[in-house]
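Me: I'm new to this structure and would like a friendly walk through it. Could you take my questions one at a time?

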Amino acid sequence: VDSKVRIPEPIVKKDINNSQEKLWNLKMIQAYKAQKLSKGKGIVVAVVDTGIDLDHPDLGSHILWSVDFTGSRTGADDDNGHGTHCAGIIGAIRDNNGVVGMAPNVYFYAIKVLDRNGRGSWDEVMAGIYAAVEGPDGIAGTDDDADIISMSLGASSDPGAEFHNAIKFAYSYGVVLVAAAGNEGDGNGATDEYSYPAAYPEVIAVGATEKDDTIASFSNSGPFLELAAPGVDIYSTYKDSSYATLSGTSMACPHVSGLVALIIMKYGKLSIGTFEDTGTDTIRGILHNGALDLGESGWDNVFGYGLILVHSTI
């Protein structure tokens, strides 16, 4: 496996000074109501990305383990900002400062597989997946395995059987895999744009919505699309203990990762389930049932099962 993988484009970094605008995503999907019910305590999310700012005041105390597969001079510390942004959406701590995430009490594994330019190899991503499943003790199936792997990265070409085997390995150990659907969308839901690892059946593929519940023009569509979440003008943590507003399916993905953490906290470690599940006895089935159906009635290749709604899901 030697082809390249990267952060999905576009990422638009901008400043938003209006505090109401900064909070739109969590309000839209009713995350604040759900945080009173369950806060994801004890759940471990592996952010397989550009690393995480290890000293960020909204994240640092909840980073249990960090590992770098890029050979970066900064180690697993994030010198790009993308991974830190995603981590903040998942679980920035509630401390009345900065921002708050979907599941404020989750813990993180900061697994760096992309460099300061947001690029890496499939070999590095594959190593990161195995590391997340095995945890710090290096043994899969033990208590320190990650519960969730969040991957806001991808490429349009299938990396092949060896990489897919890593995905299947994680799935077989009950690790929930969530990935960005990709930003190569053409605004036409009738056409399909694939991105991997999101397109694998074991992975929950997440598209991005705008503030008015429409699909973002850049968001990929296709038969693998499972859910949608806010992905435009999302304010979150950033490198160097700062904050930034970014857009992309990269930002939609961690909303779902955070919601999965809340589901596990409330219902325990259920079976992951499959893309087709519509019951309430698997994690994916619960996600599908709790989503707001948008677009065509039922599942469709633009919104999947719909926009996640936290309060109706847990």
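Me: How many of the residues of helix 4 are buried?
Reply: Happy to help, and please keep in mind that this is a predicted model. The buried residues of helix 4 include H82, H85, A87 and I90. Helix 4 is mostly covered, and the buried share is ten of its ten residues.

Me: What covers the buried residues of helix 4?
Reply: Several strands take part in the cover, including strand 2, strand 4 and strand 6. Strand 10 (234-238) and strand 11 (242-246) belong to the cover too. The cover also includes one helix, and that is helix 7.

Me: How is the chain as a whole built, and how many helices and strands does it have?
Reply: Its C-alpha atoms fill a box of roughly 50 × 45 × 35 Å along the principal axes. Of the contacts with a separation of 6 or more, 75% join residues 24 or more positions apart. In secondary structure, the chain has nine helices and eleven strands.

Me: What percentage of the residues in the chain is buried?
Reply: A residue counts as buried when its relative accessible area is under 20%. The chain has 314 residues, and the buried ones make up 60%.

Me: Which helix gives the most to the largest nonpolar core?
Reply: This core has 53 residues, and F108, I148, V256, L259 and L287 have the most contacts inside it. Among the elements that give two or more residues are strand 4 (107-112), helix 4 (82-91) and helix 8 (283-290). With nine residues, the element that gives the most is helix 7.

Me: Which residues of helix 4 does F108 touch, leaving aside neighbours within four places in sequence?
Reply: The contacts of F108 include V45, V47, I52, L59 and W65. H62, I63 and L64 are among its contacts too. From the buried residues of helix 4, F108 touches A87, I90 and G91.

Me: How many residues are in the second, separate core?
Reply: Among the members of this second core are I129, A155, A166 and A170. I129 is also one of the buried residues of helix 5, while A166 and A170 are buried in helix 6. The number of residues in this second core is 39.

Me: Where do the buried residues of helix 6 lie, seen down its axis?
Reply: The buried residues here are F163, H164, A166, I167 and A170. In an α-helix there are 3.6 residues a turn, so residues three or four places apart point the same way. Down the axis of helix 6, the buried residues fall within an arc of 150°, so they line one face of the helix.

Me: Which exposed residues does helix 6 carry on the face turned away from its buried side?
Reply: The buried residues of helix 6 are covered by elements that include helix 5, strand 6 (148-151), strand 7 and strand 8. The face turned away from that buried side carries the exposed residues A161 and S172.

Me: What span should helix 6 have at 1.5 Å a residue?
Reply: Helix 6 runs over residues 161-172, twelve residues. Its end C-alpha atoms are 16 Å apart, which agrees with the expected span. That expected span is 16 Å.

Me: Which residue just after helix 5 takes a positive phi?
Reply: Helix 5 has 13 residues and reaches 18 Å from its first C-alpha to its last. Just after it comes a positive phi of about 70°, at G135.

Me: What is the volume of the largest cavity?
Reply: Rolling a probe the size of a water molecule over the atoms shows where empty space is left. The count comes to two cavities of 30 Å³ or more. The lining of the largest includes K22, Y32, G88, I89 and Y235, and helix 2 (24-28), helix 4 and strand 10 each supply at least two lining residues. The volume of this cavity is about 90 Å³.

Me: Is T209 buried or exposed?
Reply: T209 has its place in strand 8. Its contacts include W24, I215, F303 and L307. With a relative accessible area of 1%, under the 20% cut-off, T209 is buried.

Me: How far apart are the C-alpha atoms of L270 and D77?
Reply: L270 is in the loop between helix 7 and helix 8, and at 24% relative accessibility it counts as partly exposed. L270 and D77 are 193 residues apart along the chain, and their C-alpha atoms are separated by 32 Å.

Definitions and conventions
Residues numbered from 1 in each chain as written. Predicted model: local features only at pLDDT ≥ 70, side-chain atom pairs only at ≥ 80, totals over all residues. Heavy atoms only, no water. Core = buried A, V, L, I, M, F, W, Y, C linked by side-chain atoms within 4.5 Å. Buried < 20%, exposed > 50% of the residue type's maximum accessible area, 1.4 Å probe, protein only. Contact = heavy atoms within 4.5 Å. Expected span 1.5 Å × (residues − 1). Arc of directions from axis to C-beta. 1 Å grid on protein atoms, 1.4 Å probe; cavity = no way out; pocket = protein on both sides within 12 Å on 5 of 7 lines; lining within 4 Å. Points joined across faces, edges and corners; volume = space filled by probe spheres on them.
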